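Me: Hello! Could you walk me through the salt bridges in this model? I would like a close look at them.

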Amino acid sequence: MATPNGARNWPRTAIAVAVALLLVVGSAVIVYRVLAPAEVITPARAGYPAPPAVQPGVVGTLNAAPLIVDDRIRVYASTRTIRADLPVDAPTRRTPYWSYRRWPAQLAGVVADGATVLTRWSDGKLVALDARTGTVRWRATGPEPGHGYLGRRTGAGTVYAPSGLHTARTATGRPVLVVVGTADRRGLDLDTGRELWRLAAGPDCSGDGDGDGSGDGPDDGAAAAEAAAGVGDGLTTADGFFAVADSCAGADEVVFHDVATGALAGRWRPEGSGQPVQLGPVGCLTGRSGCRALRTVAGGVTRGWLLDGARPVPAPALDAPEAVLVDEVAVTLGGTGLVARSARTGADLWRWSDTAGPEAPVDRGQGGPAGGPVRLVAAQPGRVHLRTAGGDLVTLDAATGAERSRFPFTYGRDSTTWAPGFAYAAGGFVAVERLAEPVDPAAGDDRYYLAAQPVILAGT
């Protein structure tokens with residue numbers, strides 16, 4: 001008897017259906033692996049290095065902004081990944097020492113304390129990494145930051161000015177992480193991730209920001225990134241407080257909370273001001289963490305203050321928006337050079353110009369010898385870094401004004417015509433973003449940065 005066509009074709013149909021099902025299942029597996037939330041850890045396979053000996057001079061150029069951690073490794077941020085390389089004085093980026101990636105969340109901020117690297121993500125997750133190995137120390141859930149990755153090509157905004165992420169030390173020296181979100185502020189034990197306190201923070205109850213757009217020196221990249229991030233998250237002080245501008249009590253003032261407990265330590269308002277107060281960080285370890293002073297803008301008046309507990313002390317030497325604080329020395333531009341004064345007494349300590357070097361002491365109001373204009377770039381304990389009109393990087397001893405080092409701040413055949421963006425100084429090194437002039441924050445990265453390797457790194 002003849003076999004029906006349908007029966008004769010059944011094996012072929014079954015095979016086709018089976019193949020189609022396998023393709024669908026395989027595609028689903030691939031889609032899941034690609035799209036499912038994931039965490040990828042690539043730990044260190046080499047030993048933890050010793051800190052390098054710093055030699056004055058340009059080290060090289062990098063395509064990303066390095067955060068120097070524990071004086072031993074460099075950490076970089078990108079949209080979904082944080083990587084480390086070494087040594088600190090390598091002239092270019094190296095093969096990662098370790099890396100950590102999350103998906104689909106974006107990296108919203110990075111800070112470091114000792115050998116711990118803290119990462120904050122757009123979904124509110126907090127992940128602490130061991131700088132020595134790249135492995136996870138702890139995970140916690142914090143308040144959502146309200147934004148994703150803001151670091152542009154170099155990641156500088158994410159590692160040098162992270163929004164709402166601060167390190168601090170309690171009165172007993174215990175490390176604390178302060179995290180600010182759209183709905184609340186939290187303090188966590190940095191060693192364990194355990195939540196220590198939580199404070200409500202309504203969007204209408206804080207009005208702090210950079211005010212004049214400056215911290216420890218002007219830079220166009222920092223101002224642009226912080227404006228984009230909507231930075232209004234306060235700062236932590238070197239003596240264990242979290243300070244934030246507050247208008248919830250019916251009067252614009254600055255409130256101080258103990259970083260160990262979150263308890264209110266005091267309320268303060270700049271003398272003679274009944275206007276909304278804006279805060280700017282001064283003399284900080286990095287970003288808005290561990291600050292020794294602050295700058296307020298109220299009623300159009302800018303004033304500098306040394307932080308002494310919950311009662312800031314007037315420091316007129318820090319009034320200028322570009323003034324930096326190193327130890328207790330206030331350094332600012334003066335004529336064609338620099339003027340250094342005691343932040344507490346205002347007494348002149350030394351003056352420096354590009355033609356004459358340091359002079360100490362001088363009568364206030366006397367200008368130094370003529371010289372080209374200079375620009376303050378960055379500061380770190382004991383050192384002030386500036387860029388001369390001729391393009392040299394000069395490092396001065398903060399206590400005396402004596403030159404520690406001086407050399408052309410350029411690399412290879414790169415152009416010497418550029419504007420500083422984010423600037424960072426730590427461990428004797430200085431890293432500066434080089435922006436194409438005229439600076440246009442709205443431009444694409446190819447136009448915004450000077451070159452494909454926009455970050456210049458130097459030892460001082």
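Me: To begin with, is R267 buried, partly exposed or exposed?

Reply: Happy to help! This is a predicted model, in which local features need pLDDT of at least 70 and side-chain atom pairs count only at pLDDT 80 or more, while totals for chains, interfaces and linings use all residues. Residues are numbered from 1 along each chain as its sequence is written, and side-chain values use heavy atoms, leaving out hydrogens and water.

R267 is partly exposed, with a relative accessible area of 38% (buried means under 20%, exposed over 50%, partly exposed in between, with a 1.4 Å probe and protein chains only). Its salt-bridge partner is E253, with the closest N and O atoms 2.8 Å apart (the rule asks for a side-chain nitrogen of Lys or Arg within 4 Å of a carboxyl oxygen of Asp or Glu). E253 sits in strand β17 and R267 in strand β18, 14 residues apart (strands are DSSP runs of E, at least two residues, numbered from the N terminus). E253 itself is buried, at 11%.

Now for another pair: R434 bridges to D414 at 3.0 Å between the closest N and O atoms. R434 belongs to strand β33, whereas D414 is in the loop between β31 and β32, 20 residues apart. R434 is buried at 0%, and D414 is partly exposed at 27%. Elsewhere, salt bridges with shared partners join D354, D392, E403 and R406 into one network.

By this rule, the count comes to 22 salt bridges.

Key
Helix = DSSP H or I, 4+ residues; strand = E, 2+ residues; numbered from the N terminus.
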